[in-house]
Amino acid sequence: MQVLGLRAGMAVVRTLEALGARGLMLKWPNDIMAADRKAGGILCEARWSGDRPAWVVVGVGLNVRNELPAELYGTSSRLVDHGMTTDLQPLAQHVAQALLQAGDAAGPLSEAELGSLAERDWLLGRQLASPEEGRADGIQPEGALRVRRDDGSIVLVRAAPVDTAARVTLTE
């Protein structure tokens, strides 16, 4: 399920970029970021039948041009502030089509998908406070977040909210 969420996130980001949005990134596992603030999110839910999903629902929430409450201004962003000019109806149609295409892929993330994610990985190199302390070190083919601890060991995080440390330092 983690892989589908990442594929869906990439599909939505590519669609938004094709429609004029600029500077979009993905924050593992499911946030769309613009100028270091959340502009949207992806949630996937499935009902399983044995070892296969019987059905999957992918939900997408986007801040397009809605007014942001004052208390969210520092942490949230709107796509219209990052170049998005498309009307809502065509935007919804383009996003739905991109999600359908993303759902056609199966299995672990390919090298091309991992490369595309790495280019848009908002967490990459950031110091994390939780769910593990360490530095975000990329995404695995099965969708897990790699966290490099201070001692050099790697921890794979498969599902958890991620909090960055108070002071963010990016590495090259």
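In this predicted model, the residues lining the largest cavity divide into six nonpolar, three polar and two charged. The lining is made up of Gly5, Leu6, Gly9, Leu26, Lys27, Trp28, Pro29, Asn30, Asp31, Leu117 and Ile139. Two elements, α1 and β1 (24–27), each give two or more residues to this lining. Helix α1 gives the most, with three residues. The volume of the largest cavity is about 60 Å³. The structure holds one cavity of 30 Å³ or more.

Helix α2 was examined next. This helix covers residues 88–102, 15 residues in total. At 1.5 Å a residue, a span of 21 Å is expected for α2. The expected span is 1.5 Å times one less than the number of residues. The end C-alpha atoms of α2 lie 21 Å apart, in agreement with that expectation.

The buried residues of α2 are Leu91, Val95, Ala98, Leu99 and Ala102. Viewed down the axis of α2, these buried residues fall within an arc of 100 degrees, so they line one face of the helix. Buried here means under 20% relative accessible area. The buried residues of α2 pack against two elements, α1 (2–18) and β4 (52–62). Helix α1 thus appears in both settings: it contributes to the cavity lining, and it is contacted by the buried residues of α2.

The face of α2 turned away from the buried side carries exposed residues. These are Gln89, Leu100 and Gln101. Exposed denotes over 50% relative accessible area.

How values were computed: Residues numbered from 1 in each chain as written. Predicted model: local features only at pLDDT ≥ 70, side-chain atom pairs only at ≥ 80, totals over all residues. Heavy atoms only, no water. Helix = DSSP H or I, 4+ residues; strand = E, 2+ residues; numbered from the N terminus. Buried < 20%, exposed > 50% of the residue type's maximum accessible area, 1.4 Å probe, protein only. Arc of directions from axis to C-beta. Contact = heavy atoms within 4.5 Å. 1 Å grid on protein atoms, 1.4 Å probe; cavity = no way out; pocket = protein on both sides within 12 Å on 5 of 7 lines; lining within 4 Å. Points joined across faces, edges and corners; volume = space filled by probe spheres on them. Nonpolar A, V, L, I, M, F, W, Y, C, P; charged D, E, K, R; others polar.
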